[in-house]
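Student: I should like to work through this structure step by step. Could we begin with the terms used for pairs of helices?

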Amino acid sequence: MKTKDQPKRNIVEATPPTPPERSKVGHIINMGLGDLIAFFLIGIVGLNSHGETLAPANLLRVIWPVALSWYVISPFFGTYRRDLATQPKRMAARTALAWLVACVGALALRSIFETQKPPPVSFALVTFLTNLIALYIWRLPMAKHNQNKLLRVQEQQA
């Protein structure tokens, strides 16, 4: 039960409780796998929409520049930090900024290793938007769920 003398806890400053079964490394692995699944789903949709086969080699050809660029660039933007896992708005902002830079990297890799020419602007925009939406579809509800869970824990402790 809260009293007037107790200071109100700020959710932005709060860190989610760390269950023993999920370490910092476990958190990063879970986030990374979620991102990879999102990229695979977008790769499948992209191949399908262009009438290409969903052969594993084809799928990897489409996904590797995106995944490599994301996993190299996004940590510099803090996209795997545990404190973002309870802050949907900050998660959205960090994810968008990181993906903007990573998308440029992915398009550059694709241009260098596959097409040997810059992508059309329409392709770049579709790549940016579809992958960002895919990242948001799982990252934002996860952050909201964690935020609600943290609030419940804080209420129980108060």
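Tutor: Certainly. Angles under 35 degrees count as roughly parallel, and those over 145 as roughly antiparallel. Please note that the model is a predicted one.

Student: Which elements make up the secondary structure of the chain, and in what order do they run?
Tutor: The chain has four helices and zero strands. Read from the N terminus, the order of the elements is therefore written with helix symbols alone: α-α-α-α.

Student: How are H3 and H4 oriented relative to each other?
Tutor: The axes of H3 and H4 come within 9 Å and cross at roughly 150 degrees. The crossing of H3 past H4 is right-handed. An angle over 145 degrees falls in the antiparallel class, and H3 and H4 are therefore roughly antiparallel.

Student: At what angle do the axes of H1 and H4 cross?
Tutor: Residues of H1, including Asp35, Phe39 and Ile42, meet residues of H4, among them Leu135, Arg139 and Met142. The crossing of H1 and H4 is right-handed. Their axes come within 9 Å and cross at roughly 140 degrees.

Student: Which helix gives the most residues to the largest nonpolar core?
Tutor: The largest nonpolar core has 26 residues, and those with the most contacts inside it are Phe39, Trp70, Met91, Trp99 and Leu135. Helices H1 (24–49), H2 (56–73), H3 (88–115) and H4 (121–157) each give two or more residues to this core. The most, seven residues, come from H3.

Student: Which residues does tryptophan 70 contact, leaving aside its neighbours within four places in sequence?
Tutor: Tryptophan 70 is one of the residues with the most contacts inside the largest nonpolar core. Its contacts beyond those neighbours include Phe39, Trp99 and Leu135, which are also on that list of core residues. In full, tryptophan 70 is in contact with Asp35, Phe39, Pro75, Thr79, Tyr80, Thr95, Ala98, Trp99, Ala102, Leu135 and Arg139.

Student: Is cysteine 103 buried or exposed?
Tutor: Cysteine 103 lies in helix H3. Leaving aside neighbours within four places in sequence, cysteine 103 is in contact with Ala124, Thr127 and Phe128. Because its relative accessibility is 4% and the cut-off is under 20%, cysteine 103 counts as buried.

Student: How far apart are the C-alpha atoms of proline 65 and phenylalanine 113?
Tutor: Proline 65 is found in helix H2 and is buried, with a relative accessible area of 3%. Not counting residues up to four places away in sequence, proline 65 touches Ala106, Leu109 and Arg110. Proline 65 and phenylalanine 113 are 48 residues apart in sequence, and their C-alpha atoms are separated by 9.1 Å.

Student: Is glutamine 116 buried or exposed?
Tutor: Glutamine 116 is found in the loop between H3 and H4. Its phi is near 60 degrees, a positive value in a residue other than glycine. Because the relative accessible area of glutamine 116 is 58% and the cut-off is over 50%, glutamine 116 is exposed.

Student: What share of the contacts with a separation of 6 or more joins residues 24 or more positions apart?
Tutor: Of the 158 residues of the chain, 37% count as buried. For contacts with a separation of 6 or more, the share from residues 24 or more positions apart is 72%.

How values were computed. Residues numbered from 1 in each chain as written. Predicted model: local features only at pLDDT ≥ 70, side-chain atom pairs only at ≥ 80, totals over all residues. Heavy atoms only, no water. Core = buried A, V, L, I, M, F, W, Y, C linked by side-chain atoms within 4.5 Å. Buried < 20%, exposed > 50% of the residue type's maximum accessible area, 1.4 Å probe, protein only. Contact = heavy atoms within 4.5 Å. Axes fitted to C-alpha atoms, helices over the stretch in contact; angles between N-to-C directions. Parallel < 35°, antiparallel > 145°, perpendicular 65-115°, else oblique. Left-handed = near helix turned anticlockwise from the far one by under 90°.
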